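Reader: Before we discuss any labels, please show me the model, and then explain how each label was earned.

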Amino acid sequence: MTALNRVPSLMARAGTASAFAIAAVGGSIVVPGVASDAAAATPATKALQIAASKKGAPYRWGATGPRRFDCSGLTLYSFKKAGKSLPRTAAQQYNKTHHVSARNRKAGDLVFFHSGSNVYHVGIYAGKGKIWHAPKTGDVVKLQKIWTKSVWYGRVS
């Protein structure tokens with residue numbers, strides 16, 4: 001019996017396989033909202049991983065990290081660490097991105113929440129209808145489902 005054949009029985013006994021066991025058989029580990037190693041080469045997916053690494057960081061209006069963030073501060077910080085510069089506010093960031101349709105959105109794109117023509121919030125698209133963002137005072141950086149259809153998408157170039 002090969003190691004590959006033993007993994008399912010290991011998972012059945014332990015409930016899950018360790019990262020070591022998965023790596024030993026050439027598998028990969030999937031973490032929700034974080035891009036794969038193959039996709040990690042782009043600044044957008046690096047920014048996505050950086051934002052995800054800030055999970056649980058407290059929201060603070062006007063904060064740009066590394067321990068506290070507001071929404072645009074998180075996107076600014078994440079892309080800066082990935083080697084790209086963005087302006088400070090969500091509206092300014094929207095104006096600096098290449099706008100893409102919902103159909104063409106990709107993990108690492110920015111998601112801009114708007115009311116009419118007013119952009120009021122931004123997060124980083126994680127795939128499967130979810131974003132990493134710093135929601136509001138009293139909350140923390142987290143992965144959350146997009147809750148409205150009033151969003152636009154922008155790609156940082």
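Author: Rings of Phe, Tyr and Trp (its six-membered ring) are taken as a pair if their centres lie within 6.5 Å, and planes under 30 degrees apart count as stacked, over 60 as edge-to-face and the rest as tilted. By this rule the count comes to five aromatic pairs. This is a predicted model, in which local features need pLDDT of at least 70 and side-chain atom pairs count only at pLDDT 80 or more, while totals for chains, interfaces and linings use all residues. Residues are numbered from 1 along each chain as its sequence is written, and side-chain values use heavy atoms, with hydrogens and water left out.

Reader: What makes phenylalanine 69 and tyrosine 77 an aromatic pair, and which class do their planes give?

Author: Their ring centres are 5.2 Å apart, and the limit is 6.5 Å, so they pair. The planes meet at 65°, which is over 60, and therefore the pair is edge-to-face. Phenylalanine 69 and tyrosine 77 are both buried. Elsewhere, Tyr94, Phe112 and Trp152 form one aromatic cluster.

Reader: Why is threonine 75 called buried or exposed?

Author: Buried means under 20% relative accessible area, exposed over 50%, and partly exposed in between (1.4 Å probe, protein chains only). Threonine 75 has a relative accessible area of 0%, so it is buried. This residue lies in helix H4, residues 71-81, where helices (H or I, at least four residues) and strands (E, at least two) are DSSP runs numbered from the N terminus.

Reader: How do you know that the side chain of threonine 75 makes a polar contact with the side chain of glutamine 93?

Author: A polar contact is a pair of N or O atoms within 3.5 Å; within protein, one must be able to donate a hydrogen and the other to accept it, and residues adjacent in sequence count only if both atoms are side-chain atoms. The two side chains come to 2.7 Å, so the distance satisfies that limit.

Reader: Why is leucine 86 given its burial label, and what does leucine 86 touch?

Author: Leucine 86 is called buried because its relative accessible area is 11%. It is found in the loop between H4 and H5. Counting contact as heavy atoms within 4.5 Å, leucine 86 touches Thr75, Leu76, Phe79, Gln93, Leu110 and Val156, leaving aside residues up to four places away in sequence.

Reader: Why is threonine 148 classed differently?

Author: Threonine 148 has 25% relative accessibility, so it counts as partly exposed. It sits in the loop between S5 and strand S6 (151-155), and its side chain reaches the backbone nitrogen of serine 150 at 3.0 Å.

Reader: What makes S3 and S4 a strand pair?

Author: Two strands pair if DSSP finds at least two bridges between them. Strand S3 (residues 118-127) and strand S4 (residues 130-133) have three bridges in the antiparallel sense, so the rule is met. Glycine 127 stands opposite lysine 130 in S4, and in this hairpin, with two residues between the strands, lysine 128 takes a positive phi near 55°. S4 is also joined to strand S5 (residues 142-145) by four bridges, again antiparallel, with isoleucine 131 facing its bridge partner glutamine 144 in S5.

Reader: What is meant by a nonpolar core, and how many residues has the largest?

Author: It is a set of buried Ala, Val, Leu, Ile, Met, Phe, Trp, Tyr and Cys residues joined through side-chain atoms within 4.5 Å. The largest has 28 residues, and those with the most contacts inside it are Phe69, Phe79, Leu110, Trp132 and Val141. Its largest share, six residues, comes from H3.
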